[in-house]
Amino acid sequence: MTELPNSTPPSWTGAAAILFDLDGVLTPTAIVHERAWQELFDGFLAAVPGVPGYRESDYFDHIDGKPRFDGVRDFLASRNIVLPEGPLDDDPAHNTVHGLGNRKNKVFNDIVEAGGVKPYEGSVRFIDAALARGLKVAVVSSSRNATAVLKAAGLSDYFPVVVDGVLAVAEGLPGKPSPATYEYAARLLGVPSEDCVVVEDAVSGVQAGRAGRFHSVIGVDRGAGRQTLLDAGATLVVNDLEELL
């Protein structure tokens, strides 16, 4: 899409703020999450006889975009496995919902610390363009590691508002596909939801945007599939946010 230098892209017309998901939208950490989930469930399922192994499609079908422990629960449910919840800070070695979630978090952080995080260049240019046009921006992520990932990617200074998994739990906000975290970010920015654009790569996140009264929902296809994101409620879908500049 080609725009005149000072024009406003059609998907932004009338918007006052843009609410970004993090993993897969601003940073390629969705790939790290996929790897961490696969390592977790490959190891766990190896000790559970008669259960189908972890498949690549499981990430998009049961996990992508959801709070970590919801991802554990939904994946286990797909295999008809029931585990005790365990305490929230359960030992990662324990085979409980929270133990598995904490084990996945450790694998994720180990990978990030070893390899670092580089943001998508097109997404950074998109943020710069939004700020240059006077739009407010926020990050809305299910991850409890959002602040650390933003810092590692050099993006912290862009976002005065970050609604992550930690804040969501503290405020009692349900995770995506509920629109609650996005609506909370809009309130923190002081902008009505209907004036906010939601940018998401996950089906559950797009569903959250559709469920709320938002200006529009931009889907970024990092593997979920263009038509899948449109069917979930995306207003439009791009492969990279730079396409909207």
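Helix H3 is the foremost contributor to the lining of the largest pocket, supplying four residues. In this predicted model, the pocket in question has a volume of about 230 Å³. Its lining comprises 18 residues, and those nearest the pocket centre are Pro67, Gly165, Ala168, Val169 and Gly175. Two elements, helix H3 (68–78) and helix H7 (165–171), each give two or more residues to this lining. By residue class, the lining of the largest pocket consists of seven nonpolar, five polar and six charged residues.

Enclosed space was examined as well. One cavity of 30 Å³ or more is present in the structure. The volume of the largest cavity is about 240 Å³, and 21 residues line it, with Asp23, His33, Gly65, Lys66 and Ser143 closest to its centre. At least two lining residues come from each of three helices, namely H1 (29–45), H2 (56–63) and H4 (97–115). Of the elements involved, H1 gives the most to the cavity lining, with three residues. The composition of this lining is six nonpolar, seven polar and eight charged residues.

The two linings thus draw on separately listed helices: H3 and H7 are the elements giving two or more residues to the largest pocket, while H1, H2 and H4 each supply at least two to the largest cavity. Charged residues number six in the pocket lining and eight in the cavity lining.

Notes:
Residues numbered from 1 in each chain as written. Predicted model: local features only at pLDDT ≥ 70, side-chain atom pairs only at ≥ 80, totals over all residues. Heavy atoms only, no water. 1 Å grid on protein atoms, 1.4 Å probe; cavity = no way out; pocket = protein on both sides within 12 Å on 5 of 7 lines; lining within 4 Å. Points joined across faces, edges and corners; volume = space filled by probe spheres on them. Nonpolar A, V, L, I, M, F, W, Y, C, P; charged D, E, K, R; others polar.
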